[in-house]
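Got a few minutes to walk through a fold together? Have a look at the model first, and then we'll go through some questions.

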Amino acid sequence: MKDTPLLPTKFLHLKHLTISLSAWTFSPNYDYFSLVSYLDASPLLEVFILAISQECIESESIFESCSHLRQMPEYRHEHLNSATISGFCSGKSLVELTCHIVENTTSLECLTLDTTHGDGRCSGNGSSLCSPASQSVLMESPRTLLAVRRYIEGKIPPGVKLNVVELCRLCTRCDALLR
């Protein structure tokens with residue numbers, strides 16, 4: 001499964017779309033940019049959530065690619081006001097999808113990029129320990145944050161709130177102590 005096929009129909013009344021991708025059902029080389037066809041097929045879409053439960057092991061990182069970012073023919077998403085990508089990483093096709101959303105959504109109010117892959121979240125109960133993050137998440141985290149700064153932050157229009165969920169210092173420190 002390399003690409004999501006273009007959709008022959010439209011979802012004319014769809015307002016909320018959640019797509020969950022996991023390592024068991026999708027290849028690590030999945031082309032996330034192909035999900036633009038779902039956005040384009042949903043003209044009234046207000047909320048888009050992409051949940052990636054596999055760790056980012058995409059073959060082509062944004063930093064390893066010498067090619068330019070791909071773009072789709074201009075299509076304006078006039079109703080999309082909230083987009084969330086959990087499991088965000090520095091994979092080129094995921095950065096391309098995010099840039100497409102930012103550049104082609106006139107009504108976007110909030111973009112949330114969760115880089116933790118569900119790992120390393122603060123315990124939140126006042127304890128000094130956080131759940132440990134996997135080694136690959138710890139290694140990918142700085143690259144992911146650099147990708148957000150380099151390719152996405154500068155494209156965020158005024159009035160759009162960018163939330164980047166990242167590992168806290170305590171999470172990474174606790175992880176080093178537990179290993």
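What follows is a set of questions and answers on strands, core, salt bridges and a few single residues.

This is a predicted model, so local features need pLDDT of at least 70 and side-chain atom pairs count only at pLDDT 80 or more, while totals for chains, interfaces and linings use all residues. Residues are numbered from 1 along each chain as its sequence is written, and side-chain values use heavy atoms, with hydrogens and water left out.

Q: Which strand pairs with S3 in the parallel sense over five bridges?
A: Helices (H or I, at least four residues) and strands (E, at least two) here are DSSP runs, numbered from the N terminus. Two strands pair if DSSP finds at least two bridges between them. Strand S3 covers residues 82-86, and Ala83 has Leu111 as its bridge partner. Leu111 sits in the strand we're after, S4.

Q: What is the handedness of the β-α-β unit made by S3, H2 and S4?
A: The helix in this unit is H2, residues 92-104. A crossover is right-handed if, with the strands pointing away from the viewer, the path from the first strand over the helix to the second runs clockwise. By that test, the unit of S3, H2 and S4 is right-handed.

Q: Which residue of S5 is the bridge partner of Thr112?
A: S4 also runs parallel to strand S5 (residues 161-165), joined to it by five bridges. Within that pairing, the partner of Thr112 is Asn163.

Q: How many of the five residues of S4 are buried?
A: Buried means under 20% relative accessible area, exposed over 50%, and partly exposed in between (1.4 Å probe, protein chains only). S4 spans residues 110-114 and is mostly covered. Its count of buried residues is four.

Q: Which element gives the most residues to the largest nonpolar core?
A: A nonpolar core is a set of buried Ala, Val, Leu, Ile, Met, Phe, Trp, Tyr and Cys residues joined through side-chain atoms within 4.5 Å. The largest one has 33 residues, and Phe48, Leu50, Leu94 and Leu97 have the most contacts inside it. S1, H1, S2, S3, H2, S4 and H3 each supply at least two of its residues. With six residues, the top contributor is H2.

Q: Which residues does Thr98 touch, not counting those up to four places away in sequence?
A: Thr98 lies in helix H2 and is buried, with a relative accessible area of 0%. Contact means heavy atoms within 4.5 Å. On that basis Thr98 touches Ile85, Phe88, Leu111, Leu113 and Ile152.

Q: How many residues apart in sequence are the parts that Glu46 and Lys15 tie together?
A: A salt bridge is a side-chain nitrogen of Lys or Arg within 4 Å of a carboxyl oxygen of Asp or Glu, and Glu46 and Lys15 form one at 4.0 Å, N to O. Glu46 is partly exposed at 25% relative accessible area, and Lys15 is partly exposed at 39%. Glu46 is in the loop between H1 and S2 and Lys15 is in the segment before S1, so the parts they tie together are apart in sequence by 31 residues.

Q: Are Lys92 and Glu96 buried or exposed?
A: Their side chains meet in a salt bridge of 3.6 Å, N to O. Lys92 and Glu96 are four residues apart in helix H2, so about one helical turn separates them. As for the state of Lys92 and Glu96, each is buried.

Q: What is the relative accessibility of Glu140?
A: Glu140 forms a salt bridge with Arg143, the closest N and O atoms being 3.3 Å apart. Arg143 is partly exposed, with a relative accessible area of 31%. Glu140 counts as buried, at 11%.

Q: What is the geometry of the aromatic pair formed by Tyr30 and Tyr32?
A: Rings of Phe, Tyr and Trp (its six-membered ring) pair if their centres lie within 6.5 Å; planes under 30 degrees apart count as stacked, over 60 as edge-to-face and the rest as tilted. Tyr30 is buried at 3% relative accessible area, and Tyr32 is buried at 4%. Their rings sit 5.4 Å centre to centre with 75° between the planes, which is edge-to-face.
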